[in-house]
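Got the viewer open? Here is a short walk through the model, with something to select at each stop.

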Amino acid sequence: MSRCLRPFLFSARVQVLRALGDEFLFVIALVQPFAIGLAAIFMLRHRADFEAVYAVVGAGLTALFSLILFGGTGTITNLRFSGNLEHLVAAPVPLIVVVGGQIMGSVALVLVPMLVSYGLGAWLFGYPIAIRDPAGFTVSVLLALLSLWAMGLLFAPLAILWPAVNSVLGALEYPVYVLCGFLFPVLLLPGWLQPLGQLLAPYWAAYALHGTSSGSLTAPELALAWLLLLALTAATLVLAAWLFDLFLARAQRDGSLAAL
Amino acid sequence: MRLFLATAYYTYRGLFVWMTPSMYVAQLILLPLAQVAFFSLIGSYGGGQPLDFYLIGNAMVIAGTSGFFIGMSINEERALGTLTYLIASPANRLALFFGRTVSRILEAILHVVVAFAWVGLAFGLVIPIGHWPAILLAVLTAALSAAGLGLLLGVAAYLALDAGLLGNLMIFTLLLLSGANIPLDELPPALALLGQALPLTHSIEAARALAAGAGVPAVAPLLLRDLATGLVYGVCSFLLFGRVEDFARRRGTLEGV
């Protein structure tokens with residue numbers, strides 16, 4: 001474990017430094033939560049029970065998932081293009097550790113959209129942004145980041161193993177926003193669609209974050225959300241590890257590590 | 001004419017440099033539904049306007065993708081190193097410049113039509129058959145108008161910033177200020193004024209009126225206004241490109257400024 005921690009952290013650090021100069025990530029981390037948050041505030045403020053924190057959390061979640069989706073799916077491809085993939089595979093550190101560090105670096109940037117969204121609501125509109133359950137919210141944020149990090153780790157080999165799957169992954173951004181209830185309750189969806197979101201970690205992340213920010217969840221409900229987040233994270237990591245092994249075995253058999 | 005059509009055709013073919021056919025189909029089918037559903041359900045949850053308001057607005061705003069991809073294609077000419085050859089050629093600049101908009105406009109129209117189909121299937125908003133020709137006219141107007149802004153963004157990206165960044169800024173600006181999700185009279189006055197100067201704003205208003213039963217003569221001023229807006233952006237882009245070309249020729253900086 002300790003021999004993996006240093007490369008993991010180093011990979012995360014390199015990703016953060018690289019991402020600081022990435023204009024696309026700038027759009028996702030700053031522009032998207034600002035625009036979606038602004039739209040959500042204007043569209044939701046007609047509700048009698050409107051609280052700006054709902055729009056802030058939801059907008060931050062959209063940015064977080066987009067970061068994970070596009071950051072995760074492009075990770076291995078980018079390593080191929082840069083010519084680093086073969087060296088990393090040959091290195092004694094497991095590839096999943098390096099890629100995991102890169103994705104964690106992207107996740108670390110999520111603090112930026114969250115703060116942007118917060119500033120939008122609090123400063124621009126003068127809405128009070130009160131978190132009713134700060135401790136619960138903090139734990140929920142950490143678990144949400146962990147679960148989405150695991151999803152990013154799953155997307156990385158998935159995108160490279162099957163190009164057809166990669167095509168669909170790229171179009172998953174808005175469907176996940178819809179199915180997981182980032183900015184509206186999933187009760188608005190047709191009945192047959194609602195359970196679909198509950199299979200996804202972002203749903204429980206949104207459930208926990210909205211619930212703790214508004215104080216609407218009981219302790220058992222919150223505990224259930226955390227438990228499900230942890231379980232889905234574990235399952236995702238197991239699947240991701242298997243897919244990484246599959247990718248490496250196939251690439252080394254076909255000699256396609258450096259193939260574009 | 002031959003140059004115009006050839007540019008249009010190869011711009012479309014160039015699409016598959018970065019996007020596979022399966023990805024294209026996935027985005028054609030999934031993206032319109034998901035984007036319309038996301039914003040429309042937020043609006044429905046907010047309760048500020050009827051659901052139809054958001055459905056039509058968000059279906060129409062997808063026409064803005066024409067501008068996004070046109071801006072990207074111009075920037076790609078420089079990135080791929082083909083811009084110098086284009087400028088060195090004796091080709092008519094008008095045909096060369098505007099020819100690349102054709103395939104993007106047709107593609108944007110296709111996306112909007114798919115969005116409207118989903119709006120009917122998933123949300124039950126059925127537009128009578130008799131209204132469809134007029135709606136398609138509004139969609140065409142929106143796509144043409146957005147293309148004008150896209151051309152300007154492409155030239156601006158050549159001068160300063162990345163086209164992807166500007167394109168995304170454009171998409172989000174249209175989502176916010178075109179009236180697709182927020183009525184202009186609810187925006188601060190300065191933003192509402194900016195919204196009036198954007199493409200799509202008047203086409204969206206026209207589409208809503210047409211879906212409610214208005215005739216083409218009633219919405220013609222709106223459509224003409226949107227076309228004029230797009231034309232202004234397009235002409236500005238063409239003139240700006242000429243200036244940039246002249247500047248780059250004199251300074252020997254065609255591959256960058």
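One term before you click: a residue is called buried if 20 or more other C-beta atoms lie within 10 Å of its own, exposed if 12 or fewer, and partly exposed in between, with C-beta atoms placed from the backbone. By that count Leu149(B) is buried, because it has 28 C-beta neighbours inside 10 Å.

Some housekeeping next. This is a predicted model, in which local features need pLDDT of at least 70 and side-chain atom pairs count only at pLDDT 80 or more, while totals for chains, interfaces and linings use all residues. Residues are numbered from 1 along each chain as its sequence is written, and chains are lettered from A and ligands numbered from 1 in the order in which they are written.

**Stop 1: colour by confidence**

Colour everything by pLDDT, the predictor's confidence in each residue, from 0 to 100. Chain A has a mean of 86, and 95% of its residues reach 70 or more. Chain B has a mean of 82, with 80% of its residues at 70 or more. Helices here (H or I, at least four residues) and strands (E, at least two) are DSSP runs, numbered from the N terminus. Among the elements of chain A, helix 6 (residues 111–124) has the lowest mean, 68, and helix 11 (residues 201–214) the highest, 94. In chain B the low end is helix 1 (residues 2–14), with a mean of 64, and the high end is helix 10 (residues 201–211), at 95. For the complex, the predictor gives an ipTM of 0.89 and a pTM of 0.87.

**Stop 2: chain A on its own**

Hide chain B and switch to cartoon. You should find twelve helices and zero strands in chain A. Its C-alpha atoms fill a box of roughly 60 × 40 × 35 Å along the principal axes. The radius of gyration, taken over C-alpha atoms, can be held against a globule rule of 2.2 Å times the number of residues to the power 0.38. For 260 residues a compact globule would come out near 18 Å, and chain A, at 19 Å, agrees. Of those 260 residues, 50% are buried.

Contacts come up from here on: two residues are in contact if their C-beta atoms, placed from the backbone, lie within 7 Å. Among chain A contacts between residues at least 6 apart in sequence, 81% join residues at least 24 apart.

**Stop 3: two helix pairs in chain A**

Two packed helices are described by the angle between their axes and the distance between the axes. The axes are lines fitted to C-alpha atoms, for helices over the stretch in contact, and angles run from 0 to 180 degrees between N-to-C directions.

Select helix 3 (residues 52–81) and helix 7 (residues 134–161) of chain A: their axes come within 7 Å and cross at roughly 35°. Show side chains for the contact, including Phe65(A), Ile68(A) and Ile76(A) on helix 3 and Met151(A), Phe155(A) and Pro157(A) on helix 7. The contact residues divide into 13 nonpolar, six polar and no charged. In this scheme Ala, Val, Leu, Ile, Met, Phe, Trp, Tyr, Cys and Pro count as nonpolar, Asp, Glu, Lys and Arg as charged, and the others, Gly among them, as polar.

Now swap helix 7 for helix 2 (residues 23–44) of chain A. Helix 2 and helix 3 of chain A pack at an angle of about 145°, with axes 8 Å apart. Among the residues touching are Ile28(A), Pro33(A) and Ile36(A) from helix 2 and Tyr54(A), Val56(A) and Phe70(A) from helix 3. This contact has 15 nonpolar, six polar and no charged residues.

**Stop 4: inside chain B**

Bring chain B back: eleven helices and zero strands, with 46% of its 257 residues buried. Zoom to Leu149(B), in helix 7 (residues 132–159) of chain B. Beyond four places in sequence, Leu149(B) is in contact with Gly67(B), Met170(B), Pro199(B), Gly230(B) and Tyr233(B). Follow that list to Gly230(B), which sits in helix 11 (residues 216–251) of chain B. Gly230(B) is buried too, with 27 other C-beta atoms within 10 Å.

**Stop 5: where the chains meet**

How many residues does each chain bring to the contact? Chain B gives 30 and chain A gives 28. On the chain B side, helix 2 (21–46) and helix 8 (163–177) each supply at least two residues, and helix 2 of chain B gives the most, with 16. By class, that side of chain B has 16 nonpolar, twelve polar and two charged residues.
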